[in-house]
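Colleague: I am new to this structure and would like to know how its labels are earned. Could you take me through the reasoning, one label at a time?

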Amino acid sequence: MNNTFSAKRFGNYFLYDLRRLWAGGGLPLLILSLMPLILWFFTGVYGVLITHHWVLPTLDARVACVVAAMFIGSLMLPSRVYGYLTDKRAGSEWLMIPASRLEKFLSMILVTIVVIPLVFVCLTLLSDGALSLFSKDYGMLLSQLNLNEAMKLESDDIHIVGGGWWFVYFWVSGVLLEFLLGAIFFKKQKVAKTILVLLGIGFVFSVIGVPLVVNDILDIEGLADMVADWAEANMHQMEFWINFFIDASYALRVGVLGLLIWLRIKTLKH
């Protein structure tokens, strides 16, 4: 089928993808999203056993638990939802589904970096907010947390857009796409092999790439002065440029990963 786009056909395939998400990753996503409730329960039970009083988890513990759940989900969910594409039989059936590869690619991207994060955030905040109804001493809700304040990024009137959560979203999207690419590329041990590849890429950049870049920069006369002059001239817009470079770097990462995923889908055969 040609890489054309039909809104009706895309809608039907997107619904199929959502059913695949529920079948392959629905339960893990639900469990990970209920981590505030799980943490509250086990912290309370532990407190009763040790101190004979119901103990509430601290805000730091809740944040750490949610971040851990977010990271685990980013690693495992792409392979659970789309890992079957590398299987000869299941992958062949997927190729025969009456939708273009462009439509399949767009649906895959939407499910991975929109639907999965949205479901996780909504259920996590819902479970966290529900717990506050049962205990007036529960503390600040996760929905009220400002990452700029938590990470002290508001010094000198500099803060990340969206209370810092936009930065987190881009980071999570990049991790999801990295492991989606690994899920549709490797046939077995998808998560482990993806981690090894990422470690290898990081090693190459740190050992070979960084020294080369540093040496080249040091060889350019006056570059440090140029950067200093530019920073001084744009000091009144520094908040804008910090957000711009953060967003641009993560957008570039997501764009490159999206391109690699598209090329893999376009050349996928069984």
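Colleague: What makes E93 count as partly exposed?

Modeller: E93 has 48% relative accessibility. Partly exposed covers what lies between under 20%, called buried, and over 50%, called exposed, so E93 counts as partly exposed. Please keep in mind that this is a predicted model.

Colleague: And why is R89 called exposed?

Modeller: R89 has a relative accessibility of 67%. The label exposed applies over 50%, so R89 counts as exposed.

Colleague: How do you know that E93 forms a salt bridge with R89?

Modeller: The closest N and O atoms of E93 and R89 are 3.7 Å apart. The cut-off is within 4 Å, so the pair counts as a salt bridge. Side chains of opposite charge can pair when their charged atoms come close. E93 and R89 are four residues apart in helix α4, so about one helical turn separates them.

Colleague: How many salt bridges does the structure hold?

Modeller: It holds four salt bridges. One of them joins the side chains of E103 and R9, at 2.8 Å from N to O. This pair links distant parts of the chain, with E103 in helix α5 and R9 in helix α1, 94 residues apart.

Colleague: Are E103 and R9 buried or exposed, or something in between?

Modeller: E103 has 0% relative accessibility, and buried means under 20%, so E103 counts as buried. R9 is at 23%, which lies between the cut-offs of 20% and 50%, so R9 counts as partly exposed.

Colleague: What makes the contact of E178 with R253 a salt bridge?

Modeller: Their closest N and O atoms are 2.8 Å apart, and the cut-off is within 4 Å. E178 lies in helix α7 and R253 in helix α10, so the pair ties together parts that are 75 residues apart in sequence. E178 is buried because its relative accessible area is 17%, under the 20% cut-off. R253, at 22%, is partly exposed.

Colleague: Now the helices. Why is α1 called oblique to α2?

Modeller: The axes of helix α1 (residues 7-33) and helix α2 (residues 35-51) come within 5 Å and cross at roughly 55 degrees. That makes α1 oblique to α2, because the angle is neither under 35 degrees, nor over 145, nor from 65 to 115. The contact is made by I31, L32 and S33 of α1 with M35, P36 and I38 of α2.

Colleague: What makes α4 roughly perpendicular to α5?

Modeller: Helix α4 (residues 88-96) and helix α5 (residues 101-134) pack at an angle of about 115 degrees, with their axes 10 Å apart. That makes α4 roughly perpendicular to α5, because this label covers 65 to 115 degrees. In this pair, W94, L95 and M96 of α4 meet R101, K104 and M108 of α5.

Colleague: What stands out in the phi of H52?

Modeller: Phi of H52 is near 65 degrees, a positive value in a residue other than glycine. Most residues other than glycine have a negative phi. H52 lies in the loop between α2 and α3 and, at 65% relative accessibility, counts as exposed.

Colleague: Where is Q189, and what is its phi?

Modeller: Q189 is in the loop between α7 and α8, and its phi, near 45 degrees, is also positive. Q189 has a relative accessible area of 59%, over the 50% cut-off, so Q189 is exposed.

Key: Residues numbered from 1 in each chain as written. Predicted model: local features only at pLDDT ≥ 70, side-chain atom pairs only at ≥ 80, totals over all residues. Heavy atoms only, no water. Axes fitted to C-alpha atoms, helices over the stretch in contact; angles between N-to-C directions. Helix = DSSP H or I, 4+ residues; strand = E, 2+ residues; numbered from the N terminus. Contact = heavy atoms within 4.5 Å. Buried < 20%, exposed > 50% of the residue type's maximum accessible area, 1.4 Å probe, protein only.
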